[in-house]
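Load the model in a viewer and colour it by secondary structure. The stops below go from one selection to the next.

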Amino acid sequence: MIIETYQSAIVLKILRSGKVYRAHRNLRNDLAYSSLVDLLGLHCECPIFGCLKYHKKCADGRVSSSVKLILNVPDQFVKLTEYSTWADFMYFVRQTQPNNYKKLASDRTEISQHKFNHMMLMLQNQRPAREYHVPQAILEEIRPEWLVDYHTVHFTGFSAPLRRLMARFHR
């Protein structure tokens, strides 16, 4: 599968040195990420997210990254999720019991336990890429031999009008 992922320049440096890249825990999203690792049966500290080339994309990760990596990953190393299901899960997992991400903390949540169970089942259920509306690729690691191409991304983080306004005050 051809996967596009936005990563830091450090990841590119690791891959170009011939080493395997594995993501470390993300404190802000640790509950959601560790829950996804468990649901998908991954063997990693933190999943790596990407998009399938030639498919719809919803988020590309450019906000915090500077290099677009193009990877050719053997199918057996790729898990897929529906982007919207993952986004919903990230929101609702914060409403679960402290030591059990599979159980909602109370009956007064915005979603029923039954619907939450279905959401987790949908994340686990692997289907062909064509059956996803917006497929999201999940990897345990990035191997150097998977790197096909890369492009440096110059992202300022601000829109053009905001940059012009800021420039006026910094003269």
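**Starting at β3**

Select Gln7 and Val67: Val67, in β3, is the bridge partner of Gln7. This is a predicted model. Keep Val67 selected and look to its other pairing, where it stands opposite Thr152 in β8. Now go to Asn72, also in β3, which is the bridge partner of Ile2.

Show the whole of β3 (67–72) together with β1 (2–7). Six bridges join these two strands, which run antiparallel. Add β8 (147–152): five bridges join β3 to β8, and this pair is antiparallel too. Is β3 enclosed or open to the outside? Five of its six residues are buried, so β3 is largely enclosed by the rest of the structure.

**The sheet**

Extend the selection to the six strands of the open sheet, in the order β4-β7-β2-β1-β3-β8, with antiparallel pairing. Which strands stand at the edges? They are β4 (79–82) and β8; each has a single partner strand, so one side of each is left without a neighbour in the sheet. From one strand to the next, the twist averages 35°.

Next, display α3 (83–92). This helix lies across β2, β4 and β7, and runs at about 75° to β4.

**Helix α1**

Select α1 (9–16) and show the side chains of Val11, Leu12 and Leu15, which are buried. They cover an arc of only 100° around the axis, which puts them on the same side of α1. An α-helix has 3.6 residues a turn, so residues three or four places apart point the same way. On the other side of α1, pick Ile10 and Lys13; both are exposed.

What do the buried residues of α1 pack against? Their partners are β1, β3 and β8. Just after the helix, stop at Gly18, which takes a positive phi of about 90°.

**The nonpolar core**

Finally, select Ile3, Leu69, Leu71, Phe89, Phe116, Leu139 and Ile142. Of the 41 residues in the largest nonpolar core, these touch the most other members. Elements giving two or more residues to this core include α2 (30–40), β2 (48–52), β6 (100–104), α4 (113–124) and β7 (135–139). The biggest contribution is from α2, with six residues.

End on Phe116. Leaving aside neighbours within four places in sequence, Phe116 is in contact with Phe89, Phe92, Val93, Thr96, Tyr101, Lys102, Leu104 and Ile111.

Conventions: Residues numbered from 1 in each chain as written. Predicted model: local features only at pLDDT ≥ 70, side-chain atom pairs only at ≥ 80, totals over all residues. Heavy atoms only, no water. Core = buried A, V, L, I, M, F, W, Y, C linked by side-chain atoms within 4.5 Å. Buried < 20%, exposed > 50% of the residue type's maximum accessible area, 1.4 Å probe, protein only. Helix = DSSP H or I, 4+ residues; strand = E, 2+ residues; numbered from the N terminus. Contact = heavy atoms within 4.5 Å. Arc of directions from axis to C-beta. Pairing = 2+ DSSP bridges. Axes fitted to C-alpha atoms, helices over the stretch in contact; angles between N-to-C directions.
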